[in-house]
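Hi everyone, thanks for making time. I'd like to walk you through one model today, so please pull up the sequence and the structure and follow along with me.

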Amino acid sequence: MPKLKIFVGTVYGGALDVAEQVSPLFEQAGYEVAIFDQPSLSDLIESPTDLALFCTSSTGSGDFPGNLVAFVRDLQAKSPGLGELRYGLIALGDSSYVDSYCGAGRHLDELLQEQGAQRLGERLEIDAMETFMADDEALPWVDEWIETQQLKVA
């Protein structure tokens, strides 16, 4: 059974809630799912990762949530080369912060691509100004992502 790892960056738990809500969709598609709410770079590179989903909110001026800082720091410092990694990304933000809207998700996306990782499809950006419950947007997006990227294995 292929493995999907969901890496979460969260301040108040919204991104973790999204990860937990979308997890069953991947299980139904044939994946063994692991959620990392205190992710480290070793979680990504030291065991097989068939597919990854990054789900992060932003804090401050588009900064990474505290629980994701060490992961990002190690990704930048160690430059592990992620040419085999296929991933998706869900960024949570608030468009009233115009200059930093979904800043952490956008920056993480750039860092992953700089390491050679391949994003499948478009990044989902969920605006707290328009969507009260982030999973209302995340669930249909994941359903469509699994379908359009032909990720179903079961």
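Let's start with a question: leaving aside its neighbours within four places in sequence, which residues is Phe26 in contact with? Have a look around that side chain for a moment. While you do, please keep in mind that this is a predicted model.

Okay, here's the list. Setting aside neighbours up to four places off in sequence, Phe26 is in contact with Leu4, Tyr31, Val33, Leu51, Leu53, Val142, Trp145 and Ile146. And there's a bigger setting for that. The largest nonpolar core has 28 residues, and within that core Phe26 and Ile90 touch the most other members. If you ask which elements give two or more residues to this core, they are β1 (3-9), α1 (14-28), β3 (51-57), β4 (86-93), β6 (124-127) and α5 (135-148). The top contributor is α1, with seven residues. There's also a second core, separate from that one, with 24 residues, and among them are Leu68, Val72, Leu89 and Leu112. As a bit of background, nonpolar side chains in soluble globular proteins tend to be buried together.

Now, α1 deserves a proper look. This helix has 15 residues, and from its first C-alpha to its last it reaches 23 Å, close to the 21 Å expected at 1.5 Å a residue. Is it straight or bent? There's a bend of about 30° at Val22, with a proline, Pro24, following within four residues.

Which residues of α1 are buried? They are Ala15, Leu16, Val18, Ala19, Val22, Ser23, Leu25 and Phe26. It helps to remember that an α-helix has 3.6 residues a turn, so residues three or four places apart point the same way. As for what lies over those buried residues of α1, the cover includes β1, β2 (32-36), β3, β4 and α5. Once α1 is done, you come to Gly30, with a positive phi near 105°.

Next, the pocket. The largest one has a volume of about 520 Å³. Of the 28 residues lining this largest pocket, Ser57, Ser58, Leu92, Gly93 and Ala128 are the closest to its centre. The elements that give two or more residues to that lining are α1, β4 and β6. And here's our helix again: α1 gives the most to the lining, with four residues.

Let's move over to α4, residues 103-114. How do we know its length makes sense? Twelve residues at 1.5 Å each step should span 16 Å, and the end C-alpha atoms of α4 are 17 Å apart, so the two agree. The buried residues of α4 are Gly103, Ala104, Gly105, Leu108, Asp109, Leu111 and Leu112. Their cover includes β3, α3 (66-78), β4 and β5 (118-119). Just past the end of α4 there's Gly116, with a positive phi of about 95°.

One residue in α4 that I want to point out is His107. Its relative accessible area is 32%, so His107 is partly exposed. Not counting residues within four places in sequence, His107 is in contact with Phe64 and Gln76. From His107 to Gln150, on the other hand, it's 26 Å, C-alpha to C-alpha, with their positions 43 residues apart in sequence.

Now step back into the loop between β4 and α4. Cys102 is found there, and its phi is near 55°, a positive value in a residue other than glycine. Is Cys102 buried or exposed? It's buried, because its relative accessible area is 1%, and the cut-off for buried is under 20%. Ser100 is in that loop between β4 and α4 as well. With 15% relative accessibility, Ser100 counts as buried too. Leaving out residues up to four places away in sequence, Ser100 touches Gly60, Ser61 and Gly62.

Last stop: the loop between α3 and β4. Ser79 sits in it, and here again we have a residue other than glycine with a positive phi, near 40°. Ser79 counts as partly exposed, at 44% relative accessibility. Glu84 lies in the loop between α3 and β4 too. With a relative accessible area of 75%, Glu84 is exposed. Glu84 and Gln118 are 34 residues apart in sequence, and their C-alpha atoms are 7.8 Å apart in space.

That's my tour, so over to you for questions.

Technical notes:
Residues are numbered from 1 along each chain as its sequence is written. This is a predicted model: local features need pLDDT of at least 70, side-chain atom pairs count only at pLDDT 80 or more; totals for chains, interfaces and linings use all residues. Side-chain values use heavy atoms; hydrogens and water are left out. A nonpolar core is a set of buried Ala, Val, Leu, Ile, Met, Phe, Trp, Tyr and Cys residues joined through side-chain atoms within 4.5 Å. Buried means under 20% relative accessible area, exposed over 50%, partly exposed in between (1.4 Å probe, protein chains only). Contact means heavy atoms within 4.5 Å. The expected span of a helix is 1.5 Å times one less than its number of residues. The bend at a residue is the angle between axes fitted to the seven residues ending there and the seven starting there. On a 1 Å grid over the protein atoms alone, a cavity is a set of points where a 1.4 Å probe fits but cannot get out, and a pocket is an open set with protein on both sides within 12 Å along at least five of seven lines; lining residues have an atom within 4 Å of a point. Grid points are joined across faces, edges and corners, and a volume is the space filled by probe spheres set on the points.
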